[in-house]
Every structure is written in structure tokens, then in C-alpha cells.
Amino acid sequence: MKNIDVCLTPDLLHHHNINNTIVVVTDIFRATSCMVTGFAYGVKSIIPVASIEECSEYQKRGYIAAAERNAEKVEGFELDNSPFSFMDERLIGEKIAMTTTNGTLSITKSKKNAVKVIVGAFLNLQAVVNYLKNQPYDVLVLCAGWKGRPNLEDTLFAGAVVDALKEEYFVAEDAAILAMRAYDASKDNMPLYLSNSSHIRRLQRLGINKDIKYCLQKDLYDVVPVLRGNELVPAEPC
């Protein structure tokens, strides 16, 4: 039977053998929510990079560039890390280079050894679940967390994926069980459950309440971003 597991932070990824595994990277607030939204609104591809310097190099080559550090836009780049920025019709058919504090770093850490890397958010939760049901590989949900530390919202998404796939996959490790139980406790009112979480407080200090509400919506989009080489593109329908 296939296995499903959860890695609560990229700093723990080295403890997981992902050679026969699809890694689902999630950064709910807000990188992967931005990516899913961008593809739903017609973006052609997104290149996730770990550093501001790499993103700047792509910008010089004509890519539209999105850069965020500490939940704020980096000066000199076109886009920030709000999903509403990715709804702009001027982005239809465009290629974007993107770097964020946690999410893009998680993707770059995963891509060397994973069979596939896909991007998940509550916005495309069911699409991710449907995609994984048709795959022959183990699954690891990688929570981007915050600067090496776990965070609650990514853990809840991981738990939602585990809960949806628990009949098809063997849930062996405690991190997956923990995430699933946390999601079960929160699923009827996630905003309330998350109200005192660290990243919620961080975003609220910046006045980004509308992003919080948006990113916690389930199943708005039927799109699964998948990494092909260095680019994220929409997966072909299963």
C-alpha cells in the first residue's frame, strides 16, 4: 500500500526519503495560494527560486517578477505575495519568476529527489486529492512553515489531504496523524481555530485580513501546479 506522510517544516525534510514520492508543497499564507490563483487566472508558468538575486536575474531576462520577504513586497519587483495581485488580466499568458520567504524555498529543496513536486492550497484541495488518487507513488505533504518552524495553517492543509486519502494510503507516522487530527478539530471553523496563530497575527499587523479570508476558502479552482524542470505549469487532467 502507498504511504502518506507530513513534513512539518523544510528543515526536517532530510529525515524523509522522497525518491519514490510526490511532494505536495503548501504555503497557505500565501505563496502556494498565489500560485494556484495565478494559474486559475491564466498565468502560463511560474519559476520558483530561493533567492532574491535569482529572481532579479529572471526579471532582467524579461520575466515578471514577484518577491516577498517577511510577508512584505521586495522593492524593485512587479508583484508581491498577495493572491489578489495574481488576478490581473495583464498576467494572462505570462511567465513569472517568484521568490518568497518559505514557499519557493520548500519547492527548491524538494525538486532534486522527489518523483514529482506539486503545489497545494485550500483553494485547490480537492483537485490535489483527485490528482494524487491517480498516482502510483507515496506522498509527502511538505509544510513551508515560517523560517524553519512549523505553522498551523500549513499543518491543517496537510491534515486535510491526509484525511481525504486515508483509505487509499497508509498513514504511518505521527506527523500525519497529528495534522489529520488538527484538521478534524478545525475544519468547521478554520478562521476561529487559527485566530491566534503566529502568521495570522503577522499578516494582521500588516493589514492583510482579506488575504487570510481568501486563502482559507476550499476548492475554488480545479488546477494543480506541477513542476516541470524549473517551471511550475498546470498539470494535465487525469
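## A tour from the cysteines outward

Select Cys215 and Cys34 to begin: the sulfur of Cys215 lies 6.7 Å from that of Cys34, the closest cysteine sulfur, which is too far for a bond, a disulfide being a pair of cysteine sulfur atoms within 2.5 Å. Cys215 has 0% relative accessibility and therefore counts as buried, a term that here means under 20% relative accessible area, with exposed meaning over 50% and partly exposed in between (1.4 Å probe, protein chains only). Before going further, note that this is a predicted model, in which local features need pLDDT of at least 70 and side-chain atom pairs count only at pLDDT 80 or more, while totals for chains, interfaces and linings use all residues. Residues are numbered from 1 along each chain as its sequence is written, and side-chain values use heavy atoms, with hydrogens and water left out.

**The other cysteine, and its strand**

Next, select Cys143 together with Cys7, whose sulfur is the closest cysteine sulfur to that of Cys143, at 7.5 Å and again too far for a bond. Cys143 is buried as well, with a relative accessible area of 0%, and the structure as a whole holds 0 disulfides.

Now extend the selection to strand β8, residues 138-143, where 5 of the 6 residues are buried; helices (H or I, at least four residues) and strands (E, at least two) are DSSP runs, numbered from the N terminus. Add strand β1, residues 3-7, which pairs with β8 in the parallel sense over 4 bridges, two strands being paired if DSSP finds at least two bridges between them. Within this pairing, Ile4 stands opposite Val139 in β8. Then add strand β2, residues 21-26, which runs parallel to β8 and is joined to it by 6 bridges, and look for Thr26, which stands opposite Cys143 in β8.

**Aromatic rings**

The structure holds 4 aromatic pairs, where rings of Phe, Tyr and Trp (its six-membered ring) pair if their centres lie within 6.5 Å, and planes under 30 degrees apart count as stacked, over 60 as edge-to-face and the rest as tilted. Select Tyr41 and Tyr221, one of these pairs, which is edge-to-face with 6.3 Å centre to centre and 75° between the planes. This pair links distant parts of the chain, since Tyr41 belongs to the loop between α1 (31-40) and β3 (45-48) and Tyr221 to the loop between α9 (209-215) and β10 (225-228), 180 residues apart. Tyr41, at 35% relative accessibility, counts as partly exposed, whereas Tyr221 is buried, with a relative accessible area of 16%.

Move on to Tyr58 and Tyr63, whose ring centres are 5.1 Å apart and whose planes stand at 75°, so this pair is edge-to-face. Tyr58 counts as buried at 16% relative accessibility, and Tyr63 counts as buried at 14%.

For one further ring, select Phe84 and Lys210: Lys210 lies over the face of Phe84, at 4.5 Å from the ring centre, a charge being over a ring if NZ of Lys or CZ of Arg is within 6 Å of the ring centre and within 35 degrees of the ring normal.

**The whole chain**

Finally, show the entire protein chain, which has 9 helices and 11 strands. The C-alpha trace spans about 45 × 35 × 30 Å along its principal axes, and buried residues make up 56% of the 238 residues. Among contacts (heavy atoms within 4.5 Å) between residues at least 6 apart in sequence, 77% join residues at least 24 apart.
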